[in-house]
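Reader: I have a protein model open in front of me and would like to learn how to read it, feature by feature. Could you take me through it slowly?

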Amino acid sequence: MIPYFDREKLFYWLLGMSAAAVALPSNNYGAISMVFLFTYWLIYKPLMPRIHFLLQEKWAFIVLSIPFLIQVFGLVYTNEPYKGILAAQLSLPFIVYALLMFSALYDKGLSRFVLKWFFMGTLIASMMGLTKAIYYKMNNLGDYFFYSRFSELLGKHTTSFSLFIVLSMLFLMHEAIKGRRKWRVVVPILLFFMLMLYFISTRISIIGLGIGMAVLLLMNVKKRKWLALSVPILVLGLFAMPNFQKRFEPSGTEIGQISDVEFRKYHWKSVIETIQSRPLLLGTGSGSDRAFLFEKYKYYRLTSAYELNYNAHNQFLEYLLDFGLLGLFSILTLLSYLYRRMIKDKNGLGLSMLSVFTIYFITESLFSTQAGVVTFALIMSVLLAYNPEKA
């Protein structure tokens, strides 16, 4: 029989590995680590105490499980059962991590422990990507220091990896503000992450970082609040740099080049017209057919959109597309509950990270990717259960 202390230690180790694996090049690492974590959780503690703790936080558990529950509900009336099952399967981390966090009483520093491992995974993956890019450049194998080219080396979508970096930077800043890490150690790492964001050149990451930093400073700096207002302005200055200027170049369509704003306008117009063609209250269910949407992309001659089968690129529109007003209500309920709890608990780090997720929701369908689902489910569950301000 393994001693209880060792069983607890093993659970923490598996949880840390699950957090670190999120940013690593292959999605398989994250999926495998989560399976091991959940399987071990099923056997390492008695059932009744877990039910007791879960009932104490039943509303937090239910709310965090909403994205999974709505996918299961959508299976009842979907016109694509197989795709619906895959969509529900993709959403499993929402209920898994909520179950893990709210069914036991862990050390109060659990959130810092998980975020530290998440940060380490992001740092290691970033260094791997940079090393490969330098190697290829030195050996005349190509320039990988920009956007999708750099993401090829990371093994992750540019938007997803930029989210990992932004969240890691907020964690590091919070650690330094609280005096848990020396600024002379934190600042070089922050500058390294800024360099990574420059290479990735995902514009929403700069907006998210600026707002996230502002919220973090407003919640944690008692004097000189003007610093919090100046940070977003300084961060937005990155848009003036060459890599980001390239990202504002016109996009190609069948009728020529159009600005990014125009492309996004017709993209979302296609999504909204598709929503209008579907049942308003419930939509058409989990994993429902997108043929009408892709035809709209073709109608507006958005070449890349219909060739690559773009999703809505907006989490709110994505839920409207599949689940109608019920979907929009569900995600607004989720966010409202999280904001209320973070503000009530004076959870500055949680509030700043939630703000970042909300910003990303405007231009990305995060819950349509494994990276987005796991990152949101893990970080929000652990921050809601264990306030890092009280660690």
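Author: What follows is a conversation about helices, buried residues, salt bridges, ring pairs and a surface patch. Please keep in mind throughout that this is a predicted model.

Reader: Let me begin with a helix, then: how many residues does helix α11 have, and what distance does α11 reach from its first C-alpha to its last?

Author: Helix α11 covers residues 183–200, which makes 18 residues, and from the first C-alpha to the last it reaches 25 Å, close to the 26 Å expected at 1.5 Å a residue. Just after α11 comes serine 201, whose phi is positive, at about 55 degrees.

Reader: Which residues of α11 are buried?

Author: The general idea is that an α-helix has 3.6 residues a turn, so residues three or four places apart point the same way. In α11, the buried residues are Val186, Leu190, Phe192, Phe193, Met196, Leu197, Tyr198, Phe199 and Ile200. When you look at the model, you can follow these names along the helix one by one.

Reader: How should I read a salt bridge, and how many does the structure hold?

Author: The idea is to look for a basic side-chain nitrogen of Lys or Arg within 4 Å of a carboxyl oxygen of Asp or Glu, and the structure holds eleven such salt bridges. In one of them the side chains of glutamate 175 and arginine 112 meet at 2.9 Å, N to O. This pair links distant parts of the chain, since glutamate 175 sits in helix α10 (residues 158–177) and arginine 112 in helix α8 (residues 110–138), 63 residues apart.

Reader: Is glutamate 175 buried or exposed, and what is the relative accessible area of arginine 112?

Author: Glutamate 175 has a relative accessible area of 1% and is buried, whereas arginine 112, with 23%, is partly exposed. A similar reading applies to glutamate 389 and lysine 178, whose side chains meet in a salt bridge at 3.0 Å, N to O. Here glutamate 389 lies in the segment after α20 (370–385) and lysine 178 in the loop between α10 and α11, and the two are 211 residues apart. Glutamate 389 counts as buried at 19% relative accessibility, because the cut-off for buried is under 20%, while lysine 178 is partly exposed at 37%.

Reader: Which residues are joined into one network by salt bridges that share partners?

Author: Start from the salt bridge between the side chains of glutamate 318 and arginine 290, at 2.6 Å, N to O. Glutamate 318 belongs to helix α18 (residues 315–344) and arginine 290 to the loop between α15 (260–276) and α16 (291–299), so the pair ties together parts that are 28 residues apart in sequence. Glutamate 318 counts as buried at 4% relative accessibility, and arginine 290 counts as buried at 14%. Through shared partners, salt bridges join Arg278, Arg290, Glu318 and Asp322 into one network.

Reader: With a buried residue such as serine 286, what is it in contact with, leaving aside its neighbours within four places in sequence?

Author: Serine 286 has its place in the loop between α15 and α16, and at 0% relative accessibility it counts as buried. Its contacts, with those neighbours left aside, are Ile70, Gln71, Gly74, Leu75, Thr78, Glu80, Gly84 and Phe323. For a second case, take serine 205 in helix α12 (residues 203–220), which is buried with a relative accessible area of 0%. Leaving aside neighbours within four places, serine 205 is in contact with Ser162, Val166, Leu197 and Tyr360.

Reader: How many aromatic pairs does the structure hold?

Author: The structure holds 31 aromatic pairs. In one of them, the rings of phenylalanine 11 and tyrosine 12 have centres 6.3 Å apart and planes at 85 degrees, so the pair is edge-to-face. Both phenylalanine 11 and tyrosine 12 are buried. Phenylalanine 119 and phenylalanine 193 are also an edge-to-face pair, with 6.1 Å from centre to centre and 80 degrees between the planes. Phenylalanine 119 lies in helix α8 and phenylalanine 193 in helix α11, so this pair ties together parts 74 residues apart in sequence.

Reader: Finally, which residues make the nonpolar surface patch of about 420 Å²?

Author: That patch is made by Leu47, Met48, Ile51 and Leu55. Methionine 48 is found in helix α3 (residues 47–56) and is exposed, with a relative accessible area of 57%.

Key:
Residues numbered from 1 in each chain as written. Predicted model: local features only at pLDDT ≥ 70, side-chain atom pairs only at ≥ 80, totals over all residues. Heavy atoms only, no water. Helix = DSSP H or I, 4+ residues; strand = E, 2+ residues; numbered from the N terminus. Expected span 1.5 Å × (residues − 1). Buried < 20%, exposed > 50% of the residue type's maximum accessible area, 1.4 Å probe, protein only. Contact = heavy atoms within 4.5 Å. Patch = residues over 30% accessible without salt bridge, like charges linked within 9 Å, V, L, I, M, F, W, Y side chains within 5 Å. Areas by Shrake-Rupley, 256 points an atom, 1.4 Å probe, with all protein chains shown as cover. Phe/Tyr/Trp six-rings, centres within 6.5 Å; stacked < 30°, edge-to-face > 60°.
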